[in-house]
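Subject: Structure handover and notes

Dear colleague,

I am passing on the structure below, together with an account of what turned up when I went through it. Please read the notes with the coordinates open beside them.

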Amino acid sequence: MASGNADTPRKAYITASLYATSPGDLKARREELRFTMHNKITCISFTEFMDEFLPETNHSEVEAQPIKSLVLSLRSRFRPRKKSSEPPQDSVEKPHILQNPFKGMRPSTTERSMYTKITEALNAANPCPGYQFVPTPHKGDQSADTKQAVDCGMYPIEAAKKLKLEEGDRFGRMAWSWVEIAIECKMNSVSDDPFDEDLEGHEPNAETRRHVLGQILSYAEYVFNHQQRMFQYMLLFLGNCARIVRIDRAGIFATEKFIYRSTHGDRIVQFLRRYAALSLAERGHDTTALRLDPKSDDAETMRARVKDLGEDDYVGALFKKQLREDWPWWKLEVPDELTGHTRRYLVGKPHFQAPGVAGRATRGYVALEADPAEGQKARFFYLKDAWRVVSDDITKEGAVLQELRKHEVECVPTLICHGDMLGQRTRTQEVWPKCHKGKECPLKTHQHYRLVVKEVGKPLEEFSNGMELVMALLCCLTAHSDAYSHGIIHRDISSGNMLLYKQPDGTWTGLLNDWELSKELEQQEKEGRQPDRTGTWQFMSANALDDHSKVIDVPDELESFFHVLIYLAVRFLPHNLTNSSVPQFLRDYFDDYTPHAQGFRCGRTKAAAMENGRISLSAYNAKKEDQPVEKYLRFTWPTKSSDSVPSGPHPLDNIVTTLLSWFKAYYAYHPNKEAPVRSNEGITAVKLEFTGVMGRIRAKHKGDSEATPNAEGVHRPTDAASAASTSTETTTSVMIKDPLGEAPGRLANKVKTHEAMINLLLSALEHEWPETDRHKDLKPTAKWKPPVDQVPKGSKLAKDSAEGSKSLKSPKAPRKGSKMSSRSKLSTGSKRTSRDAGDVEAGPSSKRRKH
């Protein structure tokens, strides 16, 4: 299972990320898509475009043979064919004179009229036999999480039934999984044009044009997400002009604008006829993915496999959840570089889908083996599909997993097979230098790659209690340490890259996953500073977020582990932050950023925590009657009582306090006083039994009986035990004292290697933990938005943030037809206020920050 990071956090997805507090509105998501395509757009002449991407062949510009359907075409690949030096009789095509189907077409007065006129003209010309052009401007795809719909599209005729065209209705329903070529229509050839050849990078400056660019990218994203495509084409009709666009994971090439209605409409026909004459792979379809007929034997096998699942079969339950009837199912090929063979797997809807158009576009599936051994039940695996960056300095993830297993590193996935999909590599970066003579190409080469591993985990956020969470983190931290000792650093620690995995003995442990961004230390040292930030924005260290080119090292990775701990603990475990303030805190700590002339920097809440050694709640917790203000974040032992008095310390609290003191020393340490707490009550305590994986970890790191730190100032396990003996005891837990008396330099050294943090977690796990400390998730629903005003329009004061203010009343709304006072107008906010708030919500792609 993969994380939700983008190609690089310099181009971070904040609203579309799995970890974003608020998903953001459509405008914000489109701005992020546009931002990630920065410096990846090139406009060239129509002739250059056709020569490069659709060159003339013996079968070009002739009537294409009818395409029965994408399903049948893909299916035919697996049927044996007779060898012949002559092409089939029905593929010998006759030359066809190209004509302009739009000539004489009356100008459209509305965008709506463009839909029907353009599709009718194209259907009459029939440049792609077997396909139909359908307007779909208003009805969203019911299988998608959006109501977005591209204006028109070219569809296989057999798929027209899926568009739900009703008698007398010219407009169909969008079907992202079937659209062959998306078509977008705009009224103005200048103000609606998403490209600008007059500007460097061919990206427009005008806000309306930038919006259109984000709009077509969002459509391209949905095509990629619903289909198995290497690249795709799109047609843009802009008033009297048109463009043809090609999009792959490396960038965009578009033709220069040409007038289609009166003079050059034949170019559209020429493009479509050449397109129709291409093979499926040449059109951008991934031919190693077979789309399954819902009634096929493979589809029935998938349904049958999830019947009568056991209560504890969480893997089968995950697979069953992916079998949505409104989503295409596939049989995917995966090359096995270890044996040279090809394996096949059955999948439904992706379990995970990274956002975006450009970049790695990682997908994850719970997959069922298509060809199990005779007499054996088909097994489940985890299949990862990505467009990896091609570089001599980056090792394939499968090879990294092989290396880790060779060194017997525990708590990492077991490789089954992996390999590059032959002939599936981006082309934009190859063509770019031809069009930018003398310039260094900024684009990366992306290669389609698949990997299958044995273990199918469940998300870390599904931990049962705090002890299980810390235990899983310890497993992952140990795996990271062992890999580092063998010269490999992970470089992308996130909540999504750490999983809970059920061992054969039934115990749940941690699994450190997703090693695709890892590097060999020797290689990283040779390279020095990096061209891009690496990792997932929400969990990257403050130092890494403040320095784009920083080499990721152990302190950065340990800090990422810490941020994951805070992210999940604030959501699910008891603490002294008011519940209503959790959404804003999550946004400020994990999603926020500081605008900078050269990019985005770490948000102030995370940075302040690292610099001050405390996570301040002064902006979130209001003073309550007869109670002191809770100034700093603390984790508390759960209580069954209904009063609001904070309970005693949770074992997690000392872990967080200690780690913060280390990070503060690392960033520049100064002591702080601890907040008072009361004793625990009401919840049963449990202790961990160190068996299996946990027993091996404990034995490995508890083997040193010396109580003195090593040369780097890192304490061995006995140091933590010694600290525990001097700590304050409660009735249910033994807390490890925060070592405030140690020299700042010595504390700072604790985050330069893994050992101190591993021993801190080990020592904490040796003591009692609350058995039932997990509560409902406090991360807000998709509808939550950061407040614009202190008291939003029409809302009541929050109960837990306004004690003693019950006499205050919200102003009544004016009656219809009455005049609103100037004071009332001010209280409801203005249009200007709304726009400003939108800028704040938008995240790193906000329109006020241009690069």
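K458 stands opposite L500 in β19, a pairing that belongs to the antiparallel contact between β17 and β19 (residues 498-502), which are joined by 2 bridges. These two strands are part of an open sheet of 3 strands, ordered β17-β19-β20 and paired in the antiparallel sense. Its edges are formed by β17 (458-459) and β20 (508-512), each of which pairs on one side only.

Please keep in mind that this is a predicted model. The average pLDDT of the chain is 80, and 75% of the residues score at least 70. Two stretches call for care: over residues 2-12 the pLDDT stays under 50, although the model has 54 contacts for them beyond four places in sequence. Over residues 704-741 the pLDDT is likewise below 50, and that stretch has 84 contacts in the model beyond near neighbours in sequence.

As to the chain in general, there are 24 helices and 25 strands, and buried residues make up 57% of its 851 residues. Of the contacts with a separation of 6 or more, 73% are between residues 24 or more positions apart. The exposed area comes to about 37,800 Å², of which carbon and sulfur atoms supply 49%.

In soluble globular proteins, nonpolar side chains tend to be buried together. In this model the largest nonpolar core has 119 residues, and L652 and I655 are those with the most contacts inside it. Once neighbours within four places in sequence are set aside, L652 is in contact with V470, L565, A569, L573, F635 and W769. Another core, of 41 residues, lies apart from that one and has F53, L122, L235 and L272 among its members.

I then looked at β1 and its surroundings. Both faces of β1 are covered, since I41 and C43 on one side and T42 and I44 on the other are all buried. The strand pairs with β7 in the parallel sense over 4 bridges, and within this pairing I44 stands opposite T255 in β7. Why does I44 count as buried? Its relative accessibility is 4%, which is under the 20% cut-off for a buried residue. Not counting residues up to four places away in sequence, I44 touches F49, F253, A254, T255, E256 and C435. With C435 the separation along the chain is 391 residues, whereas the C-alpha atoms of the two are separated by 7.7 Å.

C435 also leads to helix α11 (residues 428-435), whose buried residues are T428, Q429, V431 and W432. These four lie on the same side of α11, because they cover an arc of only 160 degrees around the axis. An α-helix has 3.6 residues a turn, so residues three or four places apart point the same way. Among the elements that cover the buried residues of α11 are β1 (41-44), α2 (46-53), β6 (241-248) and β7 (251-255).

Another strand to inspect is β15, which is mostly covered, with 8 of its 11 residues buried. It is joined by 6 bridges to β16 (residues 446-453), and the two run antiparallel; in this pairing G419 stands opposite R450 in β16.

Finally, two backbone angles may be worth a look. Most residues other than glycine have a negative phi, and most peptide bonds are trans. C411, although not a glycine, has a positive phi of about 65 degrees, and its place is in the loop between α10 (397-406) and β15 (415-425). C411 counts as buried, because its relative accessibility is 10%. N126 is not a glycine either, yet has a positive phi of about 50 degrees, and this residue lies in the loop between α4 (111-125) and β2 (131-135). Is N126 buried, exposed or partly exposed? With a relative accessible area of 37%, N126 is partly exposed, because that value falls between the 20% and 50% cut-offs.

With kind regards

Key: Residues numbered from 1 in each chain as written. Heavy atoms only, no water. Core = buried A, V, L, I, M, F, W, Y, C linked by side-chain atoms within 4.5 Å. Buried < 20%, exposed > 50% of the residue type's maximum accessible area, 1.4 Å probe, protein only. Contact = heavy atoms within 4.5 Å. pLDDT = per-residue confidence, 0-100. Areas by Shrake-Rupley, 256 points an atom, 1.4 Å probe, with all protein chains shown as cover. Arc of directions from axis to C-beta. Pairing = 2+ DSSP bridges.
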